[in-house]
Amino acid sequence: MVEYFTDDKQKLDLYLDWTKKAKNIVITSHQNPDGDAFGSALGLWNYLKQFDIEKVTFISPTDYADFIAWMPGVPAIVVYDNKNKALANELIAEADLIFCTDFSSGSRMKDMKDAVLNSFSKKIIIDHHEQPESFGDLLYWNEHASSTCELIYQMIVKLGHESMIDLDVATCLYTGLLTDTGSFKYPATTPEVHNIAGKLLAKGVVPSSINRSLFDQNDFEKLQFLGYVLSKKMTYLPEYRVCYTSISEKELKKYNSKNGDTEGIVNYGLSIAGSVMSAIFIEKEGLIKISFRSVHDFSVADLARDYFEGGGHKNAAGGRSNLSLEETVQKFLTLLPYLKSQLELQPN
Ligand SMILES: [Mn+2]
């Protein structure tokens, strides 16, 4: 099932045919949405709105953080929470087409998973994560793409719909390109990525305002929390070139930390000269959520998959653990001697 249909005219036509015939389309993305999750889902939503389709709804499996709450189309989002669950289930059950963007593993839809997987609707997955599951009818996938937004942009252009990329669509797609490439610095930042970004700027996107909306919306408390974490909670092990951070639920409460406030902290660990891998362990609702980042050829996707029930990309992955926070960190530390030779091998 692993294939691109980017290059398959027949499948692209099939996709367009399904879209045009659909009366009720549901778009969904992954839990704890990031810039690319919202960028791709809302980019698609703003694009599909221009077709003659009765209903197009973006249902987010979980609530979203403030840093993406300004994006075009956000007020129309249905969040799959207790209040909206019944309505969302009805929309999903009635849908004739469901798009899943920026994920390809059912579990990333959290509580919404069963409703989507059990729906008789056709399902199209658009994604760039490694090792996709095959729960969809069409998979528009490329693990080398910088972002799902890049894939959506290419899909729209291949269909000859470039003129339907209005400022709202462009704003959404630019947001995903920007955030998933770490502001155009990760290895997936190809000439094509900059080409697309340029095309989106020509549609009227203003990078300075998108950057400010995304990255300069901290409240003072959040910065103080960051200061606490960096000074008291982060450990660097030069012998392994590894940085790790752990945050307990108690600490999150003490600093009144909101959903999304811990986003990006893991990247500080990679900013240390010589560092190859950074990990953050966060205790939340009795579970330990883990984010990994790495540079060069050291794959945190393998590490997450093999030991922490997760996965992702080579240089950015996530996982989880049912052990306590201390036990999870211990488990991670006991793995390091086995990873040492690979970590040492990486250039500076
Ligand atoms: Mn993505």
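**Two domains and a cavity**

Visitor: What makes the one space of 30 Å³ or more in this structure a cavity?

Guide: The structure holds one cavity of 30 Å³ or more. The term applies because, on a 1 Å grid over the protein atoms alone, a cavity is a set of points where a 1.4 Å probe fits but cannot get out. The model is predicted: local features need pLDDT of at least 70, side-chain atom pairs pLDDT 80 or more, while totals for chains, interfaces and linings use all residues. Residues are numbered from 1 along each chain, and side-chain values use heavy atoms, without hydrogens and water.

Visitor: What is the volume of the largest cavity, and which residues line it?

Guide: The volume is about 40 Å³, meaning the space filled by probe spheres set on grid points joined across faces, edges and corners. Lining residues, which have an atom within 4 Å of a point, include Asp 219, Lys 222, Phe 225 and Tyr 255.

Visitor: Why is the meeting of Glu 130 and Arg 305 called a salt bridge?

Guide: A salt bridge needs a side-chain nitrogen of Lys or Arg within 4 Å of a carboxyl oxygen of Asp or Glu. The side chains of Glu 130 and Arg 305 meet at 3.7 Å, N to O, so the pair fits the rule. Across the interface of domain 1 and domain 2, the rule finds one salt bridge.

Visitor: Where do domain 1 and domain 2 lie in the chain?

Guide: Domain 1 covers 9-214 and domain 2 covers 220-345; such bounds come from an automatic or database assignment. Their centres, taken over C-alpha atoms, are 27 Å apart.

Terms used: On a 1 Å grid over the protein atoms alone, a cavity is a set of points where a 1.4 Å probe fits but cannot get out, and a pocket is an open set with protein on both sides within 12 Å along at least five of seven lines; lining residues have an atom within 4 Å of a point.
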